[in-house]
Amino acid sequence: DIFADKTSKLSAVIDLLLSENPNMAATVGGDGALPLMLAVQSGKRWECVRSLFLGAPQALQKACIQTRLLPFMVAAAYNASQTKNGSVITKGEEGKIGCTEKEKEDIRQITTVFCLILEDPTMLGKRVL
């Protein structure tokens, strides 16, 4: 899976950067967003987002300035088809038809949302103003 390879490499780069500067994950950018928010806004998988969460767990409670959504909400609203062209039906080892590429990406995105919620389930009841 080419996407898994890219994710693995990106995750390794994030881990390397955080090892050099552990405060990086808690550094607010020029637009007022933490790296975790930027990652979920761009549809990054949990494997990448997790390192940023571990570096700045408080980022889960920080809403997006523009939308006022928490990171798990932003991840849930991300539409993978924004960046993917079409879908491909694949056949498994036994010749069974599997998921389309879009469906696989949707599953990965839902996994990210689930993992963000799992890290702090109290977010589900939080009211963001």
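A residue is called buried here when its relative accessible area is under 20%. Cys64, with 6% relative accessibility, therefore counts as buried. Cys48 is also a buried residue, because its relative accessible area is 2%. With two cysteines in view, a natural thing to ask is how many disulfides a search of the whole structure finds. The count is 0. Please keep in mind as we go along that this is a predicted model.

Let's step back to the overall layout. The protein is built from 5 helices and 2 strands. Reading from the N terminus, the order of elements is α-α-α-α-β-β-α, so the two strands come between the fourth helix and the last one, as that order defines them. The protein has 129 residues, and buried ones make up 33% of them. Its accessible surface comes to about 8000 Å², and carbon and sulfur atoms account for 58% of that area. Contacts also tell us how the chain is put together: of those between residues at least 6 apart in sequence, 63% join residues at least 24 apart.

Now to the interior. In soluble globular proteins, nonpolar side chains tend to be buried together. In this model, the largest nonpolar core holds 27 residues, and those with the most contacts inside it are Leu36, Val40, Val49, Leu52, Phe72 and Leu116. Each of α1, α2, α3, α4 and α5 supplies at least two residues of this core. Which helix gives the largest share of this core? That is α3, with 5 residues. Leu52 is a good place to look around: not counting residues up to four places away in sequence, Leu52 touches Ile14, Leu18, Met24, Ala25, Pro35, Leu36 and Ala39.

Ala25 leads us on to Leu34, since Ala25 is among the contacts of that residue too. Leu34 sits in the loop between α1 (2-20) and α2. Is Leu34 buried or exposed? Its relative accessibility is 8%, so Leu34 counts as buried. Setting aside neighbours within four places in sequence, Leu34 is in contact with Ala25, Ala26, Thr27, Val28, Ala59 and Lys62. As for Ala63, its C-alpha is 9.7 Å from the C-alpha of Leu34, and the two residues are 29 apart in sequence.

Charged side chains deserve a stop as well. The structure holds 2 salt bridges. In one of these, the side chains of Glu105 and Arg45 meet, with an N to O distance of 3.8 Å. This pair links distant parts of the chain: Glu105 belongs to helix α5 (residues 101-119), Arg45 to the loop between α2 (35-41) and α3, and 60 residues separate them. Glu105 also forms a salt bridge with Arg108, where the closest N and O atoms are 3.2 Å apart. Arg108 and Glu105 are 3 residues apart in helix α5, so about one helical turn separates them. Taken together, Arg45, Glu105 and Arg108 are linked in a network of salt bridges. Are the partners Glu105 and Arg45 buried or exposed? Both are buried; for Glu105, the relative accessible area is 8%. Arg108 counts as buried too, because its relative accessibility is 18%, and the cut-off lies at 20%.

Staying in helix α5, we come to Thr112. Thr112 is buried, with a relative accessible area of 1%. Leaving out neighbours within four places in sequence, Thr112 is in contact with Lys44, Arg45, Trp46, Val49 and Ala75. Two of these names have come up before: Arg45 from the salt-bridge network and Val49 from the nonpolar core.

Finally, let's move outward. Leu10, Val13 and Leu17 make a nonpolar surface patch of about 220 Å². Leu17 lies in helix α1 and is partly exposed, with a relative accessible area of 42%. Our last residue is Arg68, in the loop between α3 (46-55) and α4 (71-77). Arg68 counts as exposed because its relative accessibility is 52%, and exposed residues are those over 50%. What is the phi of Arg68? The angle is near 65°, a positive value in a residue other than glycine. For context, most residues other than glycine have a negative phi.

Methods
Residues are numbered from 1 along each chain as its sequence is written. This is a predicted model: local features need pLDDT of at least 70, side-chain atom pairs count only at pLDDT 80 or more; totals for chains, interfaces and linings use all residues. Side-chain values use heavy atoms; hydrogens and water are left out. Helices (H or I, at least four residues) and strands (E, at least two) are DSSP runs, numbered from the N terminus. Buried means under 20% relative accessible area, exposed over 50%, partly exposed in between (1.4 Å probe, protein chains only). A salt bridge is a side-chain nitrogen of Lys or Arg within 4 Å of a carboxyl oxygen of Asp or Glu. Contact means heavy atoms within 4.5 Å. A disulfide is a pair of cysteine sulfur atoms within 2.5 Å. Patches are made of residues with over 30% relative accessible area and no salt bridge: like charges are joined within 9 Å, nonpolar side chains (Val, Leu, Ile, Met, Phe, Trp, Tyr) within 5 Å. Accessible areas come from the Shrake-Rupley method with a 1.4 Å probe; for residues, only the protein chains shown count as cover. A nonpolar core is a set of buried Ala, Val, Leu, Ile, Met, Phe, Trp, Tyr and Cys residues joined through side-chain atoms within 4.5 Å.
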